[in-house]
Amino acid sequence: MISFAHLEAYQRSLVKEVHRLASLGVHLADSSEGGVIVQNRAESPLVVEVKGKQFNDPLLVQLKEGIHKHKTMAFSLGVDDGTLRYQGRLCVPNVDGLWEKIMTEAHTSRYSVHPGSTNMYHDLREVYWCNDMKRNVTDFVARCPNYQQMKAEYQRPSGLAQNIEIPMRK
């Protein structure tokens, strides 16, 4: 709650705008030169969903408890939001087909255009972590109809080996 009672009329609209920006994730800070620094923290809807559903996965809840008891060293909690991370990467819960949504988004995005399993794995690995991540990505890409058509063009034709006649020198 904000009290506008002590503000002049011309200041109220400015305060309302600053409050609206803060609700959108924009952070304002003073700079050392006397100006204002504007930071925008936009998050993907999938990242927001991952953070919200971490409490629904029993494995991730157990790992969070291990952090509090100092038993889990590779995992940590995010400083600003308390989300579970593995070596800085966001842990994806195994609920509601969330990992499938993330892979679909990464594979069919306008910016990625059906990457192969290796490229897709390396891209996702920068942000996310989940159990059997590499295998899941490989299986997902292998099911893609575009990938199957493209892959067939580069494979050798199947069949029995043929004898090749070697010309004789005369």
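In what order do the four strands of the open sheet lie? The order is β3-β4-β5-β6, with mixed pairing; strands here are DSSP runs (E, at least two residues; helices are H or I, at least four), numbered from the N terminus, and two strands pair if DSSP finds at least two bridges between them. The model is predicted, with local features requiring pLDDT of at least 70, side-chain atom pairs counting only at pLDDT 80 or more, and totals for chains, interfaces and linings using all residues. Residues are numbered from 1 along each chain as its sequence is written, and side-chain values use heavy atoms, with hydrogens and water left out.

At the edges of the sheet stand β3 (75-77) and β6 (128-129), each with a single partner strand, so one side of each has no neighbour in the sheet. Strand β5 (residues 89-91) runs parallel to β6, and two bridges join them. Within β6, Trp 129 is the residue opposite Cys 91.

Turning to the interior, the largest nonpolar core (buried Ala, Val, Leu, Ile, Met, Phe, Trp, Tyr and Cys residues joined through side-chain atoms within 4.5 Å; buried means under 20% relative accessible area with a 1.4 Å probe, protein chains only) has 19 residues. Two or more of them come from each of α2 (45-53), α4 (98-108), α5 (117-125) and α6 (133-142), and α4 gives the largest share, five residues. Among those with the most contacts inside this core are Val 92, Trp 99 and Tyr 128. Beyond its neighbours within four places in sequence, Val 92 is in contact (heavy atoms within 4.5 Å) with residues including Val 50, Leu 60, Ile 102 and Cys 130. Another core, of eight residues, lies apart from it and includes Leu 63, Ile 67, Phe 75 and Cys 91.

Conventions:
Buried < 20%, exposed > 50% of the residue type's maximum accessible area, 1.4 Å probe, protein only.
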